Each structure stands twice: as structure tokens, then as C-alpha cells.
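Biologist: Hey, got a minute to walk me through this model? I'd like to get my bearings before I go back to the bench.

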Amino acid sequence: MNVENISQAKVAGGWHKQYSHPSPTLNCDMRFAIFLPPQASSTNPVPVIYWLSGLTCSDENFMQKAGAFKMAAELGVAIVAPDTSPRGDDVPDDAEGAYDFGLGAGFYVNATQAPWNRNYQMYDYVVNELPNLIEAHFPVSDKRAISGHSMGGHGALTIAMKNEDRYSSVSAFSPISNPINCPWGKKALGNYLGDDVKEWKAYDASELLKASSFKLPILVDQGDADNFLEEQLHPQALVDAASISGANLELRMQPGYDHSYFFISSFIEDHLKFHAKWF
């Protein structure tokens with residue numbers, strides 16, 4: 001598959017680069033960003049942390065705001081950030097232009113309902129197409145971890161839980177932990193997957209965790225001043241699920257922090273070190 005380099009900048013001794021490529025999974029052109037640490041070479045492939053961003057974001061938000069490059073360079077790990085949804089004039093969007101559904105809000109599921117099912121196959125894109133492309137074109141290994149924020153935290157957790165053999169660890173900031181029981185999740189899953197709530201549970205981290213024997217290490221940071229905490233995020237559901245299944249979950253409530261990249265940038269180095277430990 002062809003990839004086109006559309007921007008690059010040297011940073012922390014390595015390189016941040018953006019690429020576009022045609023995606024057969026999503027039936028549109030897609031963009032992703034990659035940070036390659038200075039250690040990366042054809043003779044020294046490095047492990048990869050896949051970062052999934054939240055509602056309204058693209059590949060740029062994390063790369064520009066998280067302040068992750070210096071530590072990633074020190075640890076010798078690459079970071080890959082895909083877009084959060086398919087894009088293009090022919091890709092359907094929310095009829096009212098709402099921020100929480102459609103473009104910028106793919107929710108990392110495989111849509112089953114028309115018209116969304118032609119393009120919104122973000123689960124398959126993140127699990128299969130993107131890592132296959134990254135490992136074919138860049139000096140990286142098949143050692144992978146996955147992380148994300150908010151909607152992307154939901155994506156990271158559910159993808160890891162459904163593909164335990166593909167990742168060594170998973171982490172999240174402010175994840176949508178129980179989407180079948182929050183407004184964001186009900187809207188997105190109802191539209192993408194239809195009315196059967198049993199189908200939604202396949203993309204709900206709390207439901208997956210309590211019904212599984214998932215053993216990968218999980219790190220979650222949640223700000224206690226997050227304005228979405230009570231209505232949308234429900235971290236206690238994840239804690240309760242972990243207590244049922246015996247999962248290796250550490251959830252840290254961080255006093256005074258909100259839902260923003262100020263929060264992410266404050267703790268991103270902890271997450272990078274966490275993943276490096278388990279590679």
C-alpha cells in the first residue's frame with residue numbers, strides 16, 4: 001500500500017511525520033502521524049505505542065499537545081496516532097453536525113448499520129490495517145502497546161481486551177468506561193450498531209472486562225475535576241468489573257485535573273514508562 005509523506009519535523013532527536021494513504025478498510029483516504037525515536041533503524045526496529053484520540057480530534061492533537069516526544073526518545077519507542085474517523089466528502093456525517101457522532105467520532109467500532117457501515121470500520125483499521133502498514137513501511141517491531149483519551153481510551157481498552165495477543169499493555173486517560181450507560185455511548189453505538197444493546201456490549205470495556213480473564217496490565221488516569229466524569233465516563237464501572245474478573249487494573253484518580261491535554265501532558269511520561277516496562 002502506498003503512503004505519502006505530507007509533513008515532517010525533527011524533534012527530540014527523532015522525527016515526527018504525517019502520512020496519508022488510501023484505506024481499503026474505510027473506503028477513503030486516511031491520515032496518521034508517527035514519531036520515530038532516534039534509535040529507530042532497519043537494524044534496530046523499535047516497539048510502537050498506538051495512541052487513539054477522543055471526540056473531535058485528529059492525528060494532530062496528541063502529537064502537538066501531549067509533550068510525549070522527549071520521553072519517547074529516551075525510551076526508544078515509536079508513537080503512532082491515527083485519525084479518529086474516516087474523512088472525505090463521500091463519508092456520511094451527523095445530519096445536524098453534532099460533535100459526538102460521525103466525522104471525528106468513529107468510536108473505534110465496526111459499524112453494521114447503513115450508511116455508516118461502508119466507511120466506519122475503525123476497529124478493523126486500528127487492529128489490522130494500520131499496524132500492518134506501519135510495520136511494512138517503518139523501522140518498527142511487532143511489539144505493540146495501545147493507549148488513548150476519552151473516546152480513544154474506550155477504543156484502547158476494548159481493542160486490547162478483544163486482542164490480548166496483539167498488545168503487551170494498555171492504558172487510558174479519562175476513558176468512556178461504560179458506553180452502554182452514557183449519552184455519548186448510547187448515541188454512537190445505537191447509530192453505528194443498531195438497537196440491540198447486546199451488540200453494544202462487544203464495545204464496552206466494563207462489560208468485556210467483567211466477562212473475561214484479561215490479564216494484560218492496565219493503567220488508567222482520571223481527573224476528579226473532569227466535567228464529563230459523572231455523566232459520561234463512569235470509571236467505577238471499570239473498577240467493579242476488574243474486581244469481578246481479577247484484572248490487573250490500576251486506576252489513579254488525580255485531584256484537580258480536568259479532561260484536557262493539560263491533564264494528559266502532566267502524566268503522559270508515566271504512561272510511556274509503563275508501556276516500555278512491558279515491551
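**Helix α4 and its surroundings**

Modeller: Sure. Let's begin in helix α4, where Met151, Gly152, Gly153, His154, Gly155, Ala156, Leu157, Thr158, Ile159, Ala160 and Met161 are buried. Keep in mind that this is a predicted model.

Biologist: How much of α4 is covered, then?

Modeller: Most of the helix: 11 of its 12 residues are buried.

Biologist: And what does α4 lie across?

Modeller: Helix α4, residues 151-162, lies across β4, β6, β7 and β8. Its direction is at about 135 degrees to β6.

Biologist: How far does α4 reach from end to end?

Modeller: From the first C-alpha to the last, α4 reaches 17 Å, which is close to the 16 Å expected at 1.5 Å a residue.

Biologist: OK, what about the residue just before it, Ser150? Where is that?

Modeller: Ser150 is in the loop between β6 and α4. Its phi is positive, about 60 degrees, although Ser150 is not a glycine.

Biologist: Is Ser150 buried or exposed?

Modeller: Ser150 has 2% relative accessibility, so it counts as buried.

Biologist: Remind me what's usual for phi and for peptide bonds?

Modeller: Most residues other than glycine have a negative phi, and most peptide bonds are trans.

Biologist: Which other non-glycine residue should I look at for a positive phi?

Modeller: Try Tyr108, with a positive phi of about 55 degrees. Tyr108 is in the loop between β5 and α3, and with a relative accessible area of 0% it is buried.

Biologist: Going back to peptide bonds, what is the one from Ala114 to Pro115 like, cis or trans?

Modeller: That bond is cis, with omega near 0 degrees. Pro115 is in the loop between β5 and α3.

Biologist: Let's switch to the sheet. In what order do the strands run?

Modeller: The sheet is open, has 9 strands, and goes β1-β2-β3-β5-β4-β6-β7-β8-β9, with mixed pairing. β1 (4-11) and β9 (249-254) are at the edges, each with a single partner strand, so one side of each has no neighbour in the sheet. From one strand to the next, the twist averages 20 degrees.

Biologist: How do β6 and β7 pair?

Modeller: Strands β6 (140-149) and β7 (170-173) pair in the parallel sense, over 4 bridges. Gly148 is opposite Ala172 in β7.

Biologist: And which strands does α9 touch?

Modeller: Helix α9, residues 235-245, packs on the sheet and touches β8 and β9. The direction of α9 makes about 155 degrees with that of β9.

Biologist: Cool. Now a histidine I care about, His271. Which residues does it touch?

Modeller: Leaving out residues up to four places away in sequence, His271 touches Ser147, Ser171, Ala172, Phe173, Leu219 and Asp221. His271 lies in helix α10, residues 261-278, and at 1% relative accessibility it counts as buried.

Biologist: How far is His271 from Val170?

Modeller: In sequence they are 101 residues apart, and in space 9.2 Å, C-alpha to C-alpha.

Biologist: Last one: Glu129. What is the nearest side chain of opposite charge?

Modeller: That's Arg166, 12 Å away; Glu129 is buried yet has no salt bridge.

Biologist: So what is Glu129 in contact with?

Modeller: Beyond its neighbours within four places in sequence, Glu129 is in contact with Met1, His21, Pro22, Ser23, Pro24, Thr25 and Asp124. Glu129 itself is in helix α3, residues 122-137.

Definitions and conventions. Residues numbered from 1 in each chain as written. Predicted model: local features only at pLDDT ≥ 70, side-chain atom pairs only at ≥ 80, totals over all residues. Heavy atoms only, no water. Pairing = 2+ DSSP bridges. Helix = DSSP H or I, 4+ residues; strand = E, 2+ residues; numbered from the N terminus. Axes fitted to C-alpha atoms, helices over the stretch in contact; angles between N-to-C directions. Contact = heavy atoms within 4.5 Å. Expected span 1.5 Å × (residues − 1). Buried < 20%, exposed > 50% of the residue type's maximum accessible area, 1.4 Å probe, protein only. Lys, Arg positive; Asp, Glu negative; His and termini not counted. Salt bridge = Lys/Arg side-chain N within 4 Å of Asp/Glu carboxyl O.
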